[in-house]
Amino acid sequence: MTRTAPDPTAFTPQWLALREPADAEARSAALLGPLRARLGHRATAGAPLVVHDLGCGTGAMSRWLVPRLPGPQHWILHDHDPDLARRAAEGMPPSAADGSPVTAVVRGTDVGRLSAAVLADASLVTASALLDILTAEAVDALAAACAAAGCPALLTLSVLGRVDLTPAHPADAEVTDAFNAHQRRSGLLGPDAVPFATDAFARQGMTVRVHASPWRLAAGSPLLGEWLRGWVGAAREQRPDLAGRLDDYLARRLAADAAGELRATVHHADVLALPRNRDTTP
């Protein structure tokens, strides 16, 4: 869950619902081929795929991925907010791509303290917009746990710290820099998450693939306006000395959006980490 919601620390069901269509469109389909190949022998054998969804929110990742994977699936949903996890379980698709049954349970594991024991039954670990709100220590622990459990990890929609706005504005770079500094506060990885995670999984002997997954937001999209408010709001929190200028900047950007003149590309990336030894899969 990326910190671009109106309140950068609150992942409300309303914000998660607003961003879900853009997330679904942005996630990389190119990584599904290698992932299906890695999981295919489990589906052929009829054993259910056990998928641990970290920071599951209201279940957007499962709604996107369940229909794209064959065979029976059992999802274990992790989130610090039990109400969000309950919503995810209730919204779980009932069947996989081939009609096989899908089940789900909620588990309140602290994502920052994952271990191989927690993932002992895992066929796959997945998360959406999570890496950028973790510390380096938490990502190292995640990579070590996945490697020890012999399970792949599909980690989508991590921010890269780059935004392209059309038309451009002289303050775009300053807002971007302030937002990125806000993302890195309290030791969080923010826009450094993808290169750090790539290295962390590689150091555990896993093969890592990275693919772009940008949001492409058109003028008039409800998400564009809310994203702008959250993006500039985080920059304002980081740089209160710029408050007046940022308020003017936001007003001008929202006016351009209302006039149908603004477009935004918010750059993210998806990471797929695969154990090199197929025999380690549980």
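The protein has 9 helices and 8 strands. The model is a predicted one. Its radius of gyration is 19 Å, close to the 19 Å that the globule rule gives for 282 residues, so the protein is as compact as a globular protein of that length. Along the principal axes, the C-alpha atoms fill a box of roughly 60 × 35 × 30 Å.

Next, the surface and the interior. The protein exposes about 11,300 Å². Carbon and sulfur atoms supply 54% of that area. Of the 282 residues, 53% are buried. Contacts often reach across the sequence: among those between residues at least 6 apart, 83% join residues at least 24 apart.

Now look inside. The largest nonpolar core has 64 residues. Phe-201, Trp-215, Trp-227 and Trp-231 have the most contacts inside this core. Another core lies apart from it, with 23 residues. Among them are Leu-32, Cys-56, Leu-77 and Met-92.

Trp-215 deserves a closer look. This residue sits in strand β7. Its relative accessible area is 1%; a residue under 20% counts as buried, so Trp-215 is buried. Trp-215 is also one of the residues with the most contacts inside the largest nonpolar core. Yet its side chain has a polar partner too: a polar contact of 2.9 Å links it to the side chain of Asp-23. Another residue to find from here is Arg-19. Arg-19 and Trp-215 are 196 residues apart along the chain, but 9.5 Å separates their C-alpha atoms.

Step back along the chain to Ser-213. This serine is in the loop between β6 (206-212) and β7 (215-217). Is Ser-213 buried or exposed? Its relative accessibility is 0%, so Ser-213 counts as buried. What surrounds it? Leaving out residues up to four places away in sequence, Ser-213 touches Ala-26, Arg-27, Ser-28, Leu-157, His-268, Ala-269 and Asp-270. With Asp-270 there is a polar contact: the two side chains are joined at 2.7 Å.

A second serine is Ser-128. Strand β4 (residues 124-128) holds this residue. Ser-128 has a relative accessible area of 12%, under the 20% cut-off, so this residue is buried. Its side chain makes a polar contact of 3.3 Å with the side chain of Thr-156.

Turn finally to helix α4, residues 82-90. Which of its residues are buried? They are Leu-84, Ala-85 and Ala-88. Seen down the helix axis, these buried residues fall within an arc of 100°, so they line one face of α4. On the other side of the helix, Pro-82 and Glu-90 are exposed. The cover over the buried residues of α4 includes helix α1 (13-26) and the strands β2 (73-78) and β3 (102-107). The N-terminal end of α4 has a cap, Asp-81. A side-chain oxygen of Asp-81 lies 2.9 Å from the backbone nitrogen of Asp-83.

How values were computed:
Residues numbered from 1 in each chain as written. Predicted model: local features only at pLDDT ≥ 70, side-chain atom pairs only at ≥ 80, totals over all residues. Heavy atoms only, no water. Core = buried A, V, L, I, M, F, W, Y, C linked by side-chain atoms within 4.5 Å. Buried < 20%, exposed > 50% of the residue type's maximum accessible area, 1.4 Å probe, protein only. Helix = DSSP H or I, 4+ residues; strand = E, 2+ residues; numbered from the N terminus. Arc of directions from axis to C-beta. Contact = heavy atoms within 4.5 Å. Polar contact = N/O pair within 3.5 Å; in protein donor to acceptor, adjacent residues only side chain to side chain. Rg over C-alpha atoms; globule rule 2.2 N^0.38 Å. Areas by Shrake-Rupley, 256 points an atom, 1.4 Å probe, with all protein chains shown as cover.
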